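Visitor: I should be grateful for a close look at a single helix of this chain, with its residues, its neighbours and its place in the whole. Please take one that can be followed residue by residue.

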Amino acid sequence: MAAFATSLWASPGRASYGARTTGDEPHYLLTALSLAEDGDLDVSDEIAAERYRPFSEVGLDPQSRRLEGGRMVSPHDPLLPLLLAPGTAIAGWAGAKATLALFAAATAAAALWLAVRRFGVPLRPATIVVGLLGATPPLSAYGAQVYPELPAALATLAGVAAATARPSRWRPVALAAAVSALPWLSVKYAPVAAALAAVALWAWWRNGERRAAAWLSVLLAVSGVAFVAAHWAWYGGWTPYAAGDHFVTGELGVVGFDPNPAGRSTRLVGLLVDREFGLAAWQPAWLLAVPAVIAAAGRLRRWSFLVLPVVVGWLNATFVALTMHGWWWPGRQVVVILPLVAIALAAWAAADARRVAWTAGLALVGVFQWTWLTFEVLLRRLTLVVDFFETSNPVYRAWSLALPDYRTPSTATWVLHGLWVAAVAAAARWGRRAGPSTRP
């Protein structure tokens, strides 16, 4: 309920001063309208009729190129628009955002259930940690913006739930469905999907459940063939990016035409502590994720189902994603694995009442920051995308001075970067010595 309320409360906020939505959001909404009204992905008629005006008043920057027959399809996978189609048909952009607020609630509830039932975290600390993190950025922010991040996070949790369930004939089907949903939400989630499948196959095979592992392999193979066939038929390529006007020289351009892995390595820490787009800038409790995930590795019950997807998702956001800065709320590239991080953090905190207090104290700072910013956005002093980092919040203004600004690097940026690398390393070492409260 807290996750739903904090997401829905912010949903009327504008993404920019000239539009209610921006970036990829209007394209998801146009596809949802097309699916609801026409039953297809072709948005050419919606663009011609300017159906985007209620949520993109200043106009639309088309992302699509004309395909055979004059079709235009948004270069985004179709599962999110399909999920949003009923709400969009009923109440337009507001219905779509209300649907995503429900996904915020479902994600928080699923994370709490998994923490308690599958990973042995006591109910009270799990409720405190998961509840506060679920009701603050970036999870609450993506319950108010039209992106596939929260449905993907829920699919990841569903995959972990299926993989750790008691053996049954339906378990491979449930896991295959969850794993398959991730790339249908966005192909960028394929590495996390592969990590989930790999850890389940390894665990099932090692436990002698080889029939289940075989069935899962078959189902995923069929799913993969269906994905490729559908994308060639609908988008004209391996991925939806084939239909985009930005990637006419190759679909892999979505990761950058000249990527610099060494330069992107700064995101290993930057995703956490960047002054404007770092997780901890808006919710300091995410700083405790470092010792929590390290502590979980090898010690927490079923730890591999948490740690491997988290590591893969973080590395994907570091080295594969085009940027960590963009026209969206901070943390977009790692939302898919953050509920798993929250479970690890709850397990780590549950080992000591003082850790629960530290975590809750830091998380309440995040509650304050999101509340302050939401008021500013609803009063139209700021927007959710363009200038949220110009908030007048004195806590953020003071705290951000300790964080490196990777968008406009300077000598101070690299000094702070070095200090935070040392701090993260120290936190990781602390995590190795201070394990979670539950054991294998």
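Guide: What follows is an account of helix H5, set first within the whole chain and then followed into the loop beyond.

The model is a predicted one. The secondary structure of the chain consists of 18 helices and 0 strands, and H5 is the helix formed by residues 123–134. The 440 residues would give a radius of gyration near 22 Å if they formed a compact globule, and the chain, at 21 Å, agrees with that expectation. Its C-alpha trace extends over about 60 × 60 × 40 Å along the principal axes. Buried residues make up 56% of the chain. Among contacts with a separation of 6 or more, 75% are between residues 24 or more positions apart. Of the roughly 17900 Å² that the chain exposes, carbon and sulfur atoms supply 66%.

Consider now the helix itself. H5 contains 12 residues, for which a rise of 1.5 Å a residue predicts a span of 16 Å; the C-alpha atoms at its ends are 16 Å apart, so the two values agree. The buried residues of H5 are Pro125, Ala126, Val129, Val130, Leu132, Leu133 and Gly134. As a general matter, an α-helix has 3.6 residues a turn, so residues three or four places apart point the same way. The buried residues of H5 pack against four helices: H1 (2–10), H4 (79–117), H15 (338–349) and H16 (353–378).

Pro125 merits separate attention. This proline lies within H5. The relative accessible area of Pro125 is 11%, and because buried means under 20%, Pro125 counts as buried. Leaving aside residues up to four places away in sequence, Pro125 touches Ala350 and Val356. By contrast, 40 Å separates the C-alpha atoms of Pro125 and His27, which are 98 residues apart along the chain.

Beyond the helix, the backbone has a further feature. Pro137 and Pro138 are joined by a cis peptide bond, with omega of about 0°. Pro138 belongs to the loop between H5 and H6.

Helix H6 (149–163) leads in turn to a second helix that may be set beside H5, since H6 is one of the elements against which the buried residues of H8 pack. The other partners of H8 are H7 (171–185), H9 (210–234) and H14 (304–320). H8 (residues 190–206) has 17 residues and reaches 24 Å between its first and last C-alpha atoms, close to the 24 Å expected. Its buried residues include Val192, Leu196, Val199 and Trp204, together with several alanines, among them Ala193 and Ala203. Just after H8, Gly208 takes a positive phi of about 85°.

Positive phi values also occur at two residues that are not glycines. Glu50, with a phi of about 55°, lies in the loop between helix H3 (44–48) and H4. H4 is also among the helices against which H5 packs. The relative accessible area of Glu50 is 37%, so this residue is partly exposed. Arg302 likewise has a positive phi of about 55°, and its place is in the loop between helix H13 (289–296) and H14. Arg302 counts as partly exposed because its relative accessibility is 32%.

Terms used. Residues numbered from 1 in each chain as written. Predicted model: local features only at pLDDT ≥ 70, side-chain atom pairs only at ≥ 80, totals over all residues. Heavy atoms only, no water. Rg over C-alpha atoms; globule rule 2.2 N^0.38 Å. Buried < 20%, exposed > 50% of the residue type's maximum accessible area, 1.4 Å probe, protein only. Contact = heavy atoms within 4.5 Å. Areas by Shrake-Rupley, 256 points an atom, 1.4 Å probe, with all protein chains shown as cover. Expected span 1.5 Å × (residues − 1).
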